[in-house]
Amino acid sequence: ITREDSREISRIVFSFFRWCGQLDRKAGLPAKLRSAMQLADRFAENPEAFEKFELQRNIPKWAVDEIAFDVDWLRAIQQEPELWVRSKNGMAEQIARTKGFERAASSGALVNVLRYLGSEDLFRSQAFQSGEFEIQDISSQLVGLLCAPKPGETWWDACAGEGGKTMHLADLMEGKGLLWATDRSRRRIEMLKRRAKRAKVFNYRSKLWEGGERLPVKTKFDGVLLDAPCSGVGTWQRNPHARWTTKMSDVTELAEVQNRLLNNISPLVKPGGKLIYAVCTLTRSETTDVAREFSEKHPLFEPLELNSRGDQQIDGMAPAPAMTIWPKDCGGNGMFVAAWRRRPAG
């Protein structure tokens with residue numbers, strides 16, 4: 001099978017899952033695939049021709065009461081997703097000269113964010129293999145920028161996964177200070193180690209942690225990032241099949257996990273330190289409800305205004321203690337971020 005065949009098959013499959021809510025349920029699979037492709041082509045020509053009531057059929061019914069969406073979001077998740085990369089500090093200009101790359105900004109906080117418009121396999125490129133850039137969605141990059149770690153600080157990426165945000169925090173810290181990365185999956189930790197080696201990140205330590213009350217270290221941190229397990233609603237543009245496999249019961253269970261993780265990690269934030277909560281979802285139960293419950297139960301933590309540091313402030317994002325990043329606004333995944341500062345002792 002050729003690369004072109006593979007792309008076409010992927011396009012057909014992804015179009016089916018994006019549009020299956022508007023397809024005739026009684027039709028056979030070949031007819032459904034043809035209809036999905038016709039809808040995708042019509043949408044590509046004129047997204048404005050699709051009304052909210054039509055597009056709403058392409059999300060599960062439970063999501064209507066859980067997500068404060070508008071027609072712009074419904075249109076955004078029907079589009080083909082964009083591919084974003086994050087350059088190492090000082091490499092953005094050089095990478096931008098490579099065919100297919102386009103910088104999000106030439107200066108300011110987004111200076112290392114690039115969009116890739118080409119068709120080559122970036123994982124095979126020499127620049128990737130030598131650690132000059134990471135493939136990382138713009139919303140994920142925004143989380144690291146909102147954390148705003150300083151060189152020399154001590155941070156903990158509590159649910160680090162394969163290390164995308166860990167690598168970004170390390171870059172923002174200019175390799176100075178100490179960064180702990182934990183995850184419950186040994187496979188993901190091993191992937192993080194390989195990623196760090198390729199990116200030449202050395203100011204970190206990693207450890208398995210199941211997320212329970214028994215904490216992995218005794219260190220008190222200047223900052224803790226909890227990029228918590230979630231329903232992934234924010235990735236519905238990139239992963240349209242997930243719309244039809246995620247249930248409301250999953251959202252409820254995950255909200256309990258998120259609350260528990262926040263409760264468990266909060267003791268390791270030092271007085272004056274930051275606690276950042278991030279999830280790539282848009283459900284009320286996993287975002288504002290979780291943030292409100294934590295604030296109510298933890299008076300030692302006060303809301304911290306994100307994006308308020310002058311020279312690192314992200315253009316177009318008003319400072320706030322909690323913010324929702326919508327695909328329609330940034331061109332990436334949907335994300336929710338909330339922040340607190342532990343009140344100084346005394």
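Colleague: Against which elements do the buried residues of α2 pack?

Modeller: The model is predicted: local features need pLDDT of at least 70, side-chain atom pairs count only at pLDDT 80 or more, and totals for chains, interfaces and linings use all residues. Residues are numbered from 1 along each chain as its sequence is written, and side-chain values use heavy atoms, with hydrogens and water left out. Helices (H or I, at least four residues) and strands (E, at least two) are DSSP runs numbered from the N terminus, and contact means heavy atoms within 4.5 Å. The partners of the buried residues of α2 are α1 (3–19) and α5 (71–76).

Colleague: Why do the buried residues of α2 lie on the same side of the helix, and what arc do they cover?

Modeller: Buried means under 20% relative accessible area, exposed over 50% and partly exposed in between (1.4 Å probe, protein chains only). In α2 the buried residues are Ala36, Met37, Leu39, Ala40 and Phe43. They share one side of α2 because the directions from the helix axis to their C-beta atoms span an arc of only 160°.

Colleague: Which residues are exposed on the other side of α2?

Modeller: Helix α2, residues 29–45, reaches 24 Å from its first C-alpha to its last, close to the expected 24 Å, where the expected span is 1.5 Å times one less than the number of residues. On its other side, the exposed residues are Pro30, Arg34, Gln38 and Glu45.

Colleague: How many disulfides does a search of the whole structure find?

Modeller: A disulfide is counted when a pair of cysteine sulfur atoms lies within 2.5 Å. The sulfur of Cys230 is too far for a bond, because the closest cysteine sulfur, in Cys280, is 3.5 Å away. For Cys330, which is in no disulfide, the nearest cysteine sulfur, that of Cys280, is 12 Å away. The search of the whole structure therefore gives a count of zero.

Colleague: At what angle do α11 and α12 pack?

Modeller: Ala255, Gln258, Asn259, Leu262 and Asn263 in α11 meet Val290, Glu293 and Phe294 in α12. Axes are lines fitted to C-alpha atoms, for helices over the stretch in contact, and angles run from 0 to 180 degrees between N-to-C directions. With the axes 10 Å apart, α11 (residues 248–265) and α12 (residues 288–297) pack at about 35°.

Colleague: Is Glu162 buried or exposed, or partly exposed, and at what relative accessible area?

Modeller: Glu162 lies in the loop between β5 (154–157) and α9 (164–172). Not counting residues up to four places away in sequence, Glu162 touches Arg187, Arg188, Met191, Leu192 and Arg195. Glu162 is partly exposed, with a relative accessible area of 32%.
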